[in-house]
Amino acid sequence: MKFYYKCLECGLTYDIKPGVYLCPACKNAAAPGRPPRGVLETVCEGSPESSPQTNPVDFIHNFLPVEKEFFPPVPVGGTPLWQPENLRNLLGLKNLYIKDDTANPTGSLKDRASYLVAAFARKYGIKDIVVASTGNAASSMAGIGAAAGLNVKIFIPSSAPKAKRVQALQYGAEVNLVDGTYDLAFDKSIEYTIKNGGLNRNTAYNPLTIAGKKTAALEIYTNLGRVPDHVLVPVGDGVIIGGLYRGFADLYEKGFTDKIPVIYSVQAEGSSAVNRALDNGDFSDPVPSNTIADSISVDVPRNGYYALSMLKKYNGKGITVSDGEILSAQKMLSSSTGLFAEPSSASVLAGLLRIREGIGENAVTVMLVTGSGLKDIDGAMKALEI
Ligand SMILES: *Cc1c(COP(=O)(O)O)cnc(C)c1O
């Protein structure tokens, strides 16, 4: 297939090459306290060469804008889609599935984006990668970068869970602790790349982060042999949900499905900018984020406009849950399925508990579980106290 970037706002298109991040024509329209403007989406033209039935791995690869030979030798994606029997019985949902992205090499779904970014860097002979993160994007880029032979420099808030920091250091990344929020780390990392060069992997800012995450949707489709009825996704910056929509929309546009699932944006009460925008029609003044679910704790969602436009276009829904609901869902998920997920990811079960009466016992429903519980032990300890 043929690939290019397209600005969702003005429709201008760009070649996929180093140095292209936000749409130059739209990025200056960004207002203070609002999401960035001019996020680019990766469009693919043509049809995949491989068949989803006989060669699902190549079929999925056909949708990615970097050739297979550039991907680093590390097993990203291909995560299990499985049937949690006890939870099915407990909730009365016969066709409930878990897409377990904790099974990625560094323990989170972020590896899907890091994998594509690393392949792109290898294709263009780029050695240095810079990323800001609440924790998982950093540990992910560090790990996948290690496999790819890249130098990774990360900016994370000093409050990030210790395990994510230790992971990044283990993988050999250079870790810069920022005394402040993720939003500050984000700005610092961009300043750094503008001054010193290298490839920036910041979420949404680098369009490949969205394209990389769409493989989760493509795998759900090839695993099930159809698209599900409902998918629950934890949302912070809105890149995972944007990528998922892009994946399902690619399948729709190429005739592999005649519907797009109902996608639920699950957010924490203390960090719910996307869901508030979905209710109100647009983004409003940021509220300082405050939730136990660090991976979905953001003040201004970096992929806010893209996520919001996809949610509106495909009738997605927002579910906003409290930290208490997240912590008890975390314990319920662990003890009923054997899958220990970090709080951000357990939020999808909290969300499911809110909507299960309305979705019908036979609906094919997928919970996207994005990160391992071992990444944030202090958070999980709290669940044991309630
Ligand atoms: C990053 C992350 C999310 C949220 O993804 P966004 O693209 O920021 O919405 C959810 N869960 C985990 C484990 C993550 O690392």
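This is a short talk about the ligand site and two of the sheets in one protein model.

Okay, hi everyone. Before anything else, please keep in mind that this is a predicted model.

Let's start with the ligand. Which residues come nearest to it? There are 16 residues around the ligand, and the nearest are Lys110, Gly236, Asp237, Gly238 and Thr370. If you sort the shell by class, you get eight polar residues, five nonpolar ones and three charged ones.

Now for some polar contacts. Take Lys110: an N or O atom in its side chain sits 2.8 Å from a ligand oxygen. Gly236 also has a ligand oxygen at 2.8 Å, but here the partner is a backbone N or O atom. And then there's Ser344, where an N or O atom of the side chain is 3.4 Å from a nitrogen atom of the ligand.

How much of the ligand does the protein cover? On its own, the ligand has 380 Å² of accessible area, and the protein covers 98% of that. The space the ligand takes up is also the largest cavity. As for which elements build the shell, two of them give two or more residues each: α9, residues 239-253, and α13, residues 343-355.

Right, on to the sheets. I'll take the six-stranded one to begin with. This sheet is open, its pairing is mixed, and the strand order reads β4-β5-β13-β10-β11-β12. At the edges you'll find β4, which is residues 81-82, and β12, which is 317-321, and each of these pairs on one side only. If you zoom in on the β4 end, β4 runs antiparallel to β5, residues 96-100, with two bridges between them. Want a pair to look for on the screen? Find Leu81, and opposite it in β5 you'll see Lys99.

The other sheet has four strands. What is their order, and how do they pair? The order is β8-β7-β6-β9, the pairing is parallel, and this sheet is open too. Its edge strands are β8, at 174-178, and β9, at 199-200, both pairing on one side only. Next to the β8 edge comes β7, residues 151-157, which runs parallel to β8 and is joined to it by five bridges. One pair to pick out there is Ile156, whose bridge partner in β8 is Leu177.

So, to recap: the ligand occupies the largest cavity, with 98% of its accessible area covered by protein. Then there's the open six-stranded sheet with mixed pairing, and the open four-stranded one with parallel pairing. That's it from me, thanks.

Definitions and conventions:
Residues numbered from 1 in each chain as written. Predicted model: local features only at pLDDT ≥ 70, side-chain atom pairs only at ≥ 80, totals over all residues. Heavy atoms only, no water. Near = heavy atom within 4 Å. Polar contact = N/O pair within 3.5 Å; in protein donor to acceptor, adjacent residues only side chain to side chain. Areas by Shrake-Rupley, 256 points an atom, 1.4 Å probe, with all protein chains shown as cover. 1 Å grid on protein atoms, 1.4 Å probe; cavity = no way out; pocket = protein on both sides within 12 Å on 5 of 7 lines; lining within 4 Å. Sits in = over half its atoms within 2 Å of the grid points. Nonpolar A, V, L, I, M, F, W, Y, C, P; charged D, E, K, R; others polar. Pairing = 2+ DSSP bridges.
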